[in-house]
Amino acid sequence: MTSIRLPATATVQQDDENARVTMWHLEPGTETHGHVHELDYIVVPVTSGELTIETPHAMRRKFQIEAGQSYLRPAGVEHNVANDTDEDIIFVEIELKK
């Protein structure tokens, strides 16, 4: 049985020539939907939690994030990020334009 997830909430906090800053709120059962990152980006977890990462090649894995433990990813990453837990997950994504 395939579950249908609702879209996560993305709130753009800033978007200028240097960076785009987006707050992502993934309530239980939501996802970002598949996307490709066109820019290098930094993720700053606001809450700790377990994300489900899905790739276009049908790969699926769990990824633990910890509040305050930032990480960097390169442009070109293609994935869907989902919350299959019972807790809200919030993180800030900073896309680097320069």
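## N80 and its surroundings

Not counting residues up to four places away in sequence, N80 touches R5, E31, T32, H33, G34, T52, I53 and E54 in this predicted model. N80 is found in strand 10, and with a relative accessibility of 7% it counts as buried. One of these neighbours, H33, also takes part in a polar link: the side chain of N80 reaches the backbone nitrogen of H33 at 2.7 Å.

N80 can also be placed relative to V36. The two residues are 44 apart along the chain, and their C-alpha atoms are separated by 8.9 Å.

## H79, next door

H79 also belongs to strand 10, which spans residues 78-83. Is H79 buried or exposed? Its relative accessible area is 10%, so H79 is buried, the cut-off being under 20%.

The side chains of H79 and H37 are joined by a polar contact of 3.3 Å. Leaving aside neighbours within four places in sequence, H79 is in contact with H33, G34, H35, H37, Y41, I53 and E54. H33, G34, I53 and E54 are also among the residues that N80 touches.

## The largest pocket

Rolling a probe the size of a water molecule over the atoms shows where empty space is left. Here, about 350 Å³ of space lies in the largest pocket. Which residues lie nearest its centre? They are H35, H37, Y41, H79 and V81, out of 22 residues that line the pocket. The elements that give two or more residues to this lining are strand 5 (35-36), strand 6, strand 7 (49-54), strand 8 (60-65), strand 9, strand 10 and strand 11 (89-96).

H79 therefore brings two descriptions together, being buried at 10% relative accessible area and listed among the residues nearest the pocket centre. Two of its contacts outside the local sequence, H35 and H37, are in that central group, and so is Y41.

## The five-stranded sheet

Now for the sheet, an open one built from five strands in the order 2-3-11-6-9, with antiparallel pairing. Strand 2 (9-15) and strand 9 (71-73) stand at the edges; each has a single partner strand, so one side of each is left without a neighbour in the sheet. On average, and with direction ignored, neighbouring strands of this sheet are turned by 25° against each other.

Walking through the pairings, strand 3 and strand 11 run antiparallel over eight bridges, with V21 having I94 in strand 11 as its bridge partner. Strand 11 also pairs with strand 6 in the antiparallel sense, over five bridges, and V44 stands opposite V92 in strand 11. Strand 6 (residues 41-45) is joined to strand 9 by three bridges, again antiparallel. In that pairing, Y41 has R73 in strand 9 as its bridge partner, and Y41 is also one of the residues nearest the pocket centre.

## L26 and E38: inside and outside

L26 lies in strand 3 (residues 19-26) and counts as buried, at 0% relative accessibility. Beyond four places in sequence, its contacts are A8, L51, V81, A82, N83, E87, D88, I89 and F91. For D88, the separation is 62 residues in sequence and 5.8 Å in space, C-alpha to C-alpha. V81, another of these contacts, is among the residues nearest the centre of the largest pocket.

E38 gives the opposite picture: it is exposed, because its relative accessible area of 68% is over 50%. E38 sits in the loop between strand 5 and strand 6. Its C-alpha atom is separated by 9.7 Å from that of L96, which is 58 residues away along the chain.

How values were computed
Residues are numbered from 1 along each chain as its sequence is written. This is a predicted model: local features need pLDDT of at least 70, side-chain atom pairs count only at pLDDT 80 or more; totals for chains, interfaces and linings use all residues. Side-chain values use heavy atoms; hydrogens and water are left out. Helices (H or I, at least four residues) and strands (E, at least two) are DSSP runs, numbered from the N terminus. Buried means under 20% relative accessible area, exposed over 50%, partly exposed in between (1.4 Å probe, protein chains only). A polar contact is a pair of N or O atoms within 3.5 Å; within protein, one must be able to donate a hydrogen and the other to accept it, and residues adjacent in sequence count only if both atoms are side-chain atoms. Contact means heavy atoms within 4.5 Å. Two strands pair if DSSP finds at least two bridges between them. Axes are lines fitted to C-alpha atoms, for helices over the stretch in contact, and angles run from 0 to 180 degrees between N-to-C directions. On a 1 Å grid over the protein atoms alone, a cavity is a set of points where a 1.4 Å probe fits but cannot get out, and a pocket is an open set with protein on both sides within 12 Å along at least five of seven lines; lining residues have an atom within 4 Å of a point. Grid points are joined across faces, edges and corners, and a volume is the space filled by probe spheres set on the points.
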